[in-house]
Amino acid sequence: MSSERVQAWTEAELGVEGRVLDVVRAPAGVLSTRGDDVDPTAPETVQLAADLVATMRVSPGCVGLAANQVGVGLRMFCVDVTEHPKSRTLHGTFVLCNAEIVESSRNEKAREGCMSVPDFTGDVKRASRLTVRGQIPGTGEEVVFATDAFEARALQHEIDHTDGLLFLDRAAGAHAIYPRQTYL
Amino acid sequence: MSTDSTDLYAVTVLGHDRPGIIAETTAGLAGLGLNIEDSTMTLLRGHFAMMLLCRGAVDASAIERSLDGLGSGGDLDVAVRPVSDEPTPGAGGTSWVLTVHGGDRPGIVSEVVAQVASAGGNITDLTTRLAGELYLLVAELDLPVDADADAVAAGIRAAAERLGVTATLRPVDTDEL
């Protein structure tokens with residue numbers, strides 16, 4: 001049920017125009033600090049949700065963006081992996097507040113990048129089966145849903161951001177970080 | 001390959017990068033019948049850096065002569081020296097990955113790795129990178145079997161806090177197949 005609700009959600013529900021914000025880069029302190037829990041029904045939360053989606057949309061290759069990445073220390077992020085070839089289960093565009101992992105399994109290692117760490121990519125092991133819980137901005141309704149493959153990876157990457165962790169903090173080893181060859 | 005009556009040599013090549021350095025080095029070693037064992041090569045800020053261990057029944061001066069051409073341009077330093085066989089590390093202890101990142105400043109590596117050393121930990125692999133203002137260290141390390149990993153992690157975090165950087169210590173996750 002929650003899965004269908006997330007799938008049906010679009011940023012049009014927010015009812016406000018999103019603004020494109022600047023993305024902050026490491027070593028900005030906000031990226032290494034756990035965000036505060038956010039009130040999903042507050043008007044400023046709704047505006048920030050729209051801003052995150054708008055900023056994600058204009059950023060080439062961006063499949064997710066957390067509030068700390070635009071300099072706001074709150075536990076909220078958007079995701080949309082629809083166009084990514086490694087995606088399997090898809091929930092389209094969605095924003096989650098105060099999200100947490102309920103269940104995870106089947107770790108797989110893959111190369112990740114991040115708009116806030118533009119000069120590096122890195123190998124990170126993450127669960128490829130995932131169940132998450134969070135709240136939808138605006139209505140504040142709680143959703144719990146399962147996903148897999150690349151959407152699961154994107155969700156874990158974004159939830160890490162809300163906890164003040166970068167993919168660098170999960171590097172698989174001393175040779176698992178690479179200077180970026182191609183800038184999107 | 002038997003290690004009897006043969007010597008182990010460390011060969012280091014450092015300097016200006018160009019295509020063909022590894023090919024020339026290994027051709028010289030192969031020509032002497034040397035067997036390359038462990039080796040590592042990387043680019044450090046664009047500088048070529050290679051270390052390799054090779055074994056064979058030759059003396060160091062013969063190896064140096066075989067690599068003479070490499071250093072003749074004046075932009076590569078080549079060094080050859082005999083090394084002794086190290087005993088295989090004993091089993092036991094625990095393996096960890098340490099990540100440190102933050103704004104660049106002097107002393108990040110020394111202060112953080114001092115915490116590892118004071119716990120009797122041994123760093124087995126280390127990479128540091130600087131990109132713009134971001135300094136990054138990723139190390140693999142072993143802690144003694146009786147080490148208090150939580151205390152080591154706390155010491156590392158405290159050192160990182162003093163430096164204004166972030167540190168994460170995680171157990172190595174090995175999937176045996």
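This report walks through some annotated residues in chain A, a pair of helices in chain B, and the meeting of the two chains. Keep in mind as you read that this is a predicted model.

**Annotated residues in chain A**

Let us start with what the record says. An unreviewed UniProt entry lists Cys114(A), His157(A) and His161(A) under "binding site". These residues are spread over 48 residues of sequence, yet they cluster in space, with a largest C-alpha distance of 10.4 Å. For "active site", the unreviewed UniProt entry lists Glu158(A).

Where in chain A can you find Glu158(A)? Look at helix H3 of chain A, which covers residues 149-162 and holds Glu158(A). His157(A) has its place in helix H3 of chain A, and His161(A) is found there too.

Are these residues buried or exposed? A residue counts as buried if 20 or more other C-beta atoms lie within 10 Å of its own, and as partly exposed if the count falls between that group and the exposed one, which has 12 or fewer. The table gives the counts, with Thr121(A) added as one further residue to look at.

| Residue | C-beta neighbours within 10 Å | Class |
|---|---|---|
| His157(A) | 23 | buried |
| Glu158(A) | 24 | buried |
| His161(A) | 26 | buried |
| Thr121(A) | 19 | partly exposed |

So Glu158(A) is buried because it has 24 such neighbours, while Thr121(A), with 19, counts as partly exposed.

Now for the company these residues keep, leaving aside neighbours within four places in sequence. Glu158(A) is in contact with Gly64(A), Ala66(A), Phe77(A) and Val79(A). Gly64(A) also appears among the contacts of His157(A), together with Glu112(A) and Phe167(A). For His161(A), the contacts are Ala66(A), Asn68(A), Gln69(A) and Phe77(A).

**A look at Thr121(A)**

Thr121(A) sits in strand S4 of chain A, residues 117-135. Again setting aside neighbours within four places in sequence, Thr121(A) is in contact with Arg111(A), Glu112(A), Gly113(A), Tyr178(A) and Arg180(A). How far apart are the C-alpha atoms of Thr121(A) and Asn68(A)? They are separated by 19 Å, and the two residues are 53 residues apart along the chain.

**Two helices in chain B**

Turn next to chain B, and find helix H4 (residues 108-118) and helix H5 (residues 149-163). Their axes come within 8 Å and cross at roughly 160 degrees. Angles over 145 degrees count as roughly antiparallel, and H4(B) and H5(B) are therefore roughly antiparallel to each other. Their crossing is right-handed.

Which residues make this contact? From H4(B) come Ile108(B), Glu111(B), Val112(B) and Gln115(B), and H5(B) gives Val152(B), Gly155(B), Ile156(B), Ala159(B), Ala160(B) and Leu163(B). By type, the residues of this contact are seven nonpolar, two polar and one charged.

**Where the chains meet**

How many residues of chain B are in contact with chain A? There are 20 of them, in contact with 14 residues of chain A. On the chain B side, the elements that give two or more residues are strands S5 (94-103), S6 (122-131), S7 (134-143) and S8 (165-171). The residues of this side of chain B divide into seven nonpolar, eight polar and five charged.

Terms used. Residues are numbered from 1 along each chain as its sequence is written. Chains are lettered from A and ligands numbered from 1 in the order in which they are written. This is a predicted model: local features need pLDDT of at least 70, side-chain atom pairs count only at pLDDT 80 or more; totals for chains, interfaces and linings use all residues. Two residues are in contact if their C-beta atoms, placed from the backbone, lie within 7 Å. Helices (H or I, at least four residues) and strands (E, at least two) are DSSP runs, numbered from the N terminus. Ala, Val, Leu, Ile, Met, Phe, Trp, Tyr, Cys and Pro count as nonpolar, Asp, Glu, Lys and Arg as charged, and the others, Gly among them, as polar. Axes are lines fitted to C-alpha atoms, for helices over the stretch in contact, and angles run from 0 to 180 degrees between N-to-C directions. Angles under 35 degrees count as roughly parallel, over 145 as roughly antiparallel, 65 to 115 as roughly perpendicular and the rest as oblique. A crossing is left-handed if the near helix is turned anticlockwise from the far one by less than a right angle, and right-handed if clockwise. UniProt positions are given in the numbering used here, feature names are shortened, and annotations may be inferred rather than shown by experiment.
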